[in-house]
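This report examines how two chains are arranged and joined, and then turns to selected local features. The structure is shown first.

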2 protein chains.
Amino acid sequence: MRDNYRSRCAAEPAVLPRVDPVLHGEWDASAPLTEEQATNFDRDGYLVLKNWFSADEVALLQAEMDRVLANPDHLARETVVTEANRHEVRSIFDIHAQNPVMGRLAADERLAGIAQFLLDDQVYVHQSRLNYKPGFEGKEFYWHSDFETWHAEDGMPRMRALSMSVLLAENGPQNGPLMLIPGSQRIFISCVGETPEDHHKSSLKSQHVGVPDKPTLIQLADENGIDAPTGGPGTVVIFDCNTMHGSNGNITPYPRANAFFVYNAVSNQLVEPFAASRTRPGYLAAREVHPIYPIAGRLTEQAA
Amino acid sequence: MRDNYRSRCAAEPAVLPRVDPVLHGEWDASAPLTEEQATNFDRDGYLVLKNWFSADEVALLQAEMDRVLANPDHLARETVVTEANRHEVRSIFDIHAQNPVMGRLAADERLAGIAQFLLDDQVYVHQSRLNYKPGFEGKEFYWHSDFETWHAEDGMPRMRALSMSVLLAENGPQNGPLMLIPGSQRIFISCVGETPEDHHKSSLKSQHVGVPDKPTLIQLADENGIDAPTGGPGTVVIFDCNTMHGSNGNITPYPRANAFFVYNAVSNQLVEPFAASRTRPGYLAAREVHPIYPIAGRLTEQAA
């Protein structure tokens with residue numbers, strides 16, 4: 001298979017054009033987003049849907065999150081990631097498969113239906129997480145394109161995937177919000193370095209390979225600015241698989257929390273990694289395709 | 001001498017009342033601040049003076065900063081602090097004494113004159129710094145009251161000192177701006193732990209003693225909020241010696257830079273440390289009192 005997005009193979013970083021669409025479908029009146037929303041996603045590489053879930057639904061999701069975080073012993077051990085050098089839970093992977101409430105959320109029409117529209121295909125969950133970034137000591141995530149890793153380490157062939165973050169805590173300007181560079185999805189930054197063996201065991205805590213070079217980051221930020229959308233619990237941030245993003249640390253007392261789903265087009269299922277000697281575990285990158293059939297209606301205790 | 005602010009002596013943290021004023025003088029029409037500005041400083045523990053220095057003056061200061069950072073070899077070696085594990089210059093102490101332009105700035109009526117008014121006394125420079133927090137990798141500064149350290153380690157008897165930060169770069173919401181808790185200057189958080197020998201050699205990079213406890217920080221932030229003033233170069237942020245403050249890291253490409261002066265009332269000169277076995281070096285805490293005679297007029301190449 002032709003590699004349109006070579007990375008981790010050369011001594012110098014390079015900027016390659018994106019050969020895939022951002023908005024894969026055509027908007028029409030039946031779309032689950034307005035025409036303006038679809039256009040903005042195409043232009044910026046992300047879209048914020050404020051208060052997309054109701055207060056009742058948020059309460060349900062938060063209660064479930066608290067329950068899961070308080071007792072992670074029922075979960076597959078390798079899916080539970082703790083803060084570097086600490087025992088606090090930072091992320092739980094494969095949460096949609098391990099928790100019925102989160103599984104119901106991942107299949108919700110208000111998420112999966114939009115993913116189908118934007119990617120113009122049936123979708124499946126490539127990766128899911130419950131993220132909890134504690135106050136006082138939440139560490140930063142350096143700038144990265146998710147696709148760079150998914151392509152190099154997981155064998156995702158094309159840019160036809162996106163992420164949705166369902167905020168479960170107040171995302172303010174000071175508690176380390178997600179920062180995105182609008183328009184950055186239009187270029188692919190080919191990174192230097194070679195993927196080490198079992199790179200995911202360290203890269204989830206802090207990453208040193210697959211890191212974009214500083215001159216290109218400076219140019220991207222100078223030309224496009226940096227946006228850090230804020231929003232309350234229930235807000236959804238959707239971003240393209242190749243949008244450059246990161247977050248600062250968080251010394252405030254206020255945690256960040258979200259349920260995070262990566263949807264991939266079924267036509268874009270994984271092949272062999274493009275720049276790694278073996279694949280990552282399934283909880284980081286699903287190799288089996290289970291198409292989602294979006295579920296309509298509100299989240300309730302029963303429905304979950 | 002009676003110790004009104006005992007810290008680093010007990011096994012449990014404690015909250016003590018402030019027994020000193022915040023605004024030491026009485027406002028009248030001859031004051032260098034408006035009545036509202038004086039009242040706000042008293043209430044919040046900080047005050048922002050936007051564009052306090054002109055564009056020409058800022059250009060002069062920035063050029064001087066660039067010159068000094070590019071060639072720190074002329075400076076006393078112990079005054080130059082580098083980023084933890086890196087060689088990039090993070091702070092240069094005692095800058096007002098080592099550089100004539102910064103010395104002129106420290107004595108400027110628009111800074112020192114206000115310090116005299118707020119502290120109702122003649123003032124001298126307790127500490128000065130040129131701070132440069134590089135983009136991409138600027139690390140966080142955890143929450144602290146400066147006075148806690150100045151009292152415990154330097155022997156500053158009373159809360160009659162303040163800091164002024166003259167911004168020399170754009171201070172935006174995303175590049176790790178100074179965060180302050182309004183009203184926090186009204187209480188003194190007595191910290192646990194004992195000051196290690198030569199604590200300043202490690203504490204300037206990351207601090208573990210003299211750190212406020214989390215429950216009190218949560219209460220302060222919940223009751224008062226957290227403010228992160230933004231401003232362009234030439235803006236001045238004044239804050240009381242006991243105002244709780246800190247800053248997040250900075251993964252953006254944009255550095256932070258400022259000239260930083262701590263003014264102490266001459267009547268508040270240092271005595272023996274209240275909770276350390278010996279004093280810190282003079283470039284961190286001046287033990288000789290040289291009262292400032294404020295200089296009127298604009299900063300120019302000649303004047304500097």
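## Symmetry of the two copies

In this predicted model, a turn of 180° with a shift of 0.0 Å along the axis lays chain B on chain A, and the RMSD is 0.0 Å. The two copies are therefore related as by a two-fold rotation axis. The surface in contact is the same in both copies, since 100% of the contact residues of chain B recur in chain A.

Which residue of chain B comes closest to the rotation axis? That residue is Gly249(B), with its C-alpha at 2.9 Å.

## Extent of the interface

The size of an interface is often given as the accessible area lost when the parts come together. Between chain B and chain A, the buried area is about 2,200 Å², and carbon and sulfur atoms give 60% of that area. Three residues, Phe136(B), Gln174(B) and Ile251(B), supply 33% of the area that chain B buries against chain A, more than any other three residues. In terms of residues, the contact takes 26 from chain B and 27 from chain A.

## Polar and charged pairs across the interface

Two salt bridges are counted between chain B and chain A. One of them joins Glu137(A) to Lys214(B), with the closest N and O atoms 3.0 Å apart. Across the interface, 14 residue pairs are in polar contact, both residues of each pair being at pLDDT 80 or more.

On the side of chain B that touches chain A, the elements giving two or more residues are strand 6 (141-144), helix 8 (214-224) and strand 11 (245-247). Helix 8 of chain B gives the most to this side, with five residues. By residue class, the side of chain B that touches chain A divides into 14 nonpolar, seven polar and five charged residues.

## Residues with positive phi

Most residues other than glycine have a negative phi. Two residues of chain B depart from this sign: phi is near 55° in Asp120(B) and near 75° in Phe136(B).

Asp120(B) lies in the loop between helix 5 (109-119) and strand 5 (123-133) of chain B. Phe136(B) belongs to the loop between strand 5 and strand 6 of that chain. Are these residues buried or exposed? Asp120(B) is partly exposed, at a relative accessible area of 47%, whereas Phe136(B) has a relative accessible area of 8% and is therefore buried, the limit being under 20%. Phe136(B) is also one of the three residues named above for their share of the area that chain B buries against chain A.

## Helix 5 of chain A

Helix 5 of chain A, residues 109-119, is mostly covered, with eight of its 11 residues buried. Among them are Leu111(A), Ile114(A), Phe117(A), Leu118(A) and Leu119(A).

At the start of this helix, a side-chain oxygen of Asp108(A) reaches to within 2.8 Å of the backbone nitrogen of Arg110(A). After helix 5 of chain A comes Asp120(A), with a positive phi near 55°.

## The segment after strand 12 of chain B

Glu288(B) is found in the segment after strand 12 (256-265) of chain B. Its relative accessibility is 58%, so Glu288(B) counts as exposed. The side chain of Glu288(B) makes a polar contact with the side chain of His290(B), at 3.3 Å.

Glu288(B) and Asn4(B) are 284 residues apart in sequence, and their C-alpha atoms are 23 Å apart in space.

Technical notes. Residues are numbered from 1 along each chain as its sequence is written. Chains are lettered from A and ligands numbered from 1 in the order in which they are written. This is a predicted model: local features need pLDDT of at least 70, side-chain atom pairs count only at pLDDT 80 or more; totals for chains, interfaces and linings use all residues. Side-chain values use heavy atoms; hydrogens and water are left out. Contact means heavy atoms within 4.5 Å. Buried area is the accessible area (1.4 Å probe) that two parts lose on being put together, summed over both. A salt bridge is a side-chain nitrogen of Lys or Arg within 4 Å of a carboxyl oxygen of Asp or Glu. A polar contact is a pair of N or O atoms within 3.5 Å; within protein, one must be able to donate a hydrogen and the other to accept it, and residues adjacent in sequence count only if both atoms are side-chain atoms. Helices (H or I, at least four residues) and strands (E, at least two) are DSSP runs, numbered from the N terminus. Ala, Val, Leu, Ile, Met, Phe, Trp, Tyr, Cys and Pro count as nonpolar, Asp, Glu, Lys and Arg as charged, and the others, Gly among them, as polar. Copies are superposed by least squares on the C-alpha atoms of residues with pLDDT of at least 70 in both. Buried means under 20% relative accessible area, exposed over 50%, partly exposed in between (1.4 Å probe, protein chains only).
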